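Colleague: I should like to request a close look at a single part of this model. Please explain it in terms that a first-year student can follow.

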Amino acid sequence: MRPRLAVLAGCLVVALLTAWYAGSRFEPATPGPTPGSVRLGPDAGEAVDAYLARIPAELPGPGEAAYALVQFRAGLAGPAAVDVVAGAQPVTAVFRVPIERVQTALRFEDLGTVDLARNRAVAAAQADAARLTGRPAAVASAEAAALADPACACVAALVVRGDRAALDALGTRPEVRAVHAAPPDARPVELALAPLLPEQTRAADPLPDDGEPPRG
C-alpha cells in the first residue's frame, strides 16, 4: 500500500511542477484593442458649437502623432481631398453622396489610392442596390451612379495620421471644418467614425429623409 501511495505522491509533485513551469513560462494573453471604442466625430444629438469647442483639447501633445478625422466643410472629389490633407498621411476615406433631403450611406474605405477606394465604394453601393428593394435600393443605385464619376464631390472626411504640427496646419485650411484626433496610442481598429456633415449646422441630428433619389 505504501509504495502505491509513494507513486501517487510522486505523480502529484510532477503535475504541480509542470503546472508551475507552464505558468512561469507563458505570460497571460494581453487583451487586444476593442473595435470601435474611440469615437471620432460628434455624439448623436451633440450641439455643433459644443463639439467644435471641445475637440482642440483632444489633439496630441507637441511631437506626438495620432490618427485624426479631418471633416470637410463640403464634400470634395477624391484628389482634391487628398491635396487638402498634404503634410499628413491619409489612411481612410469616408465617402458620402449628397442628395437633397435623402439620407445616404457613409462608406469607409482604406486608401491605397483614392480612386481604388472610390471604386470599392461603388461596388459596395451596387451590392446594396442588388440586395435591397424599394426606396433603399433606389437610393443605393443613385449612390453607385454618383460615385462612379471620378469628379463626384463625395469625400466627406479623411482619416489621417500626423503629428501635432501637421494636424494644427490642417485645421487652418479653408476646406477643413474640424480635426478630431484620437489618443496617440489608439489603433485604426479602435476608431468609430461619425463625421460631422456639412448640413449639420446646429446639432448632430439625423438629416431629413423625405426626398426622392434621382433615377438613372
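The request and its answer concern one edge strand of the sheet and its salt bridges.

Colleague: Where does strand β4 stand in the sheet, and which side chains meet Arg107 and Glu109 in salt bridges?

Modeller: Please note that this is a predicted model. Its open sheet has 5 strands, in the order β4-β3-β5-β2-β6, and the pairing is antiparallel. Strand β4, residues 107–110, stands at an edge, as does β6, residues 176–181; each has a single partner strand, so one side of each is left without a neighbour in the sheet. From one strand to the next, the twist averages 25 degrees. Helix α4, residues 114–131, lies across β3 and β4 and runs at about 140 degrees to β4.

Two side chains of the strand may now be taken in turn. Arg107 forms a salt bridge with Glu143, at 3.3 Å from N to O. This pair links distant parts of the chain, since Arg107 belongs to strand β4 and Glu143 to helix α5, 36 residues apart. Arg107 is buried, at 9% relative accessibility, and Glu143 is also buried, at 3%. Both residues belong to a network of salt bridges that also includes Asp128 and Arg131.

Glu109 meets Arg120 in a salt bridge of 3.1 Å, again N to O. Glu109 lies in strand β4 and Arg120 in helix α4, so the pair ties together parts that are 11 residues apart in sequence. Here Glu109 is buried, with a relative accessible area of 13%, whereas Arg120 is partly exposed, at 35%. In the whole structure, a search finds 12 salt bridges.

Terms used
Residues are numbered from 1 along each chain as its sequence is written. This is a predicted model: local features need pLDDT of at least 70, side-chain atom pairs count only at pLDDT 80 or more; totals for chains, interfaces and linings use all residues. Side-chain values use heavy atoms; hydrogens and water are left out. Two strands pair if DSSP finds at least two bridges between them. Helices (H or I, at least four residues) and strands (E, at least two) are DSSP runs, numbered from the N terminus. Axes are lines fitted to C-alpha atoms, for helices over the stretch in contact, and angles run from 0 to 180 degrees between N-to-C directions. Contact means heavy atoms within 4.5 Å. A salt bridge is a side-chain nitrogen of Lys or Arg within 4 Å of a carboxyl oxygen of Asp or Glu. Buried means under 20% relative accessible area, exposed over 50%, partly exposed in between (1.4 Å probe, protein chains only).
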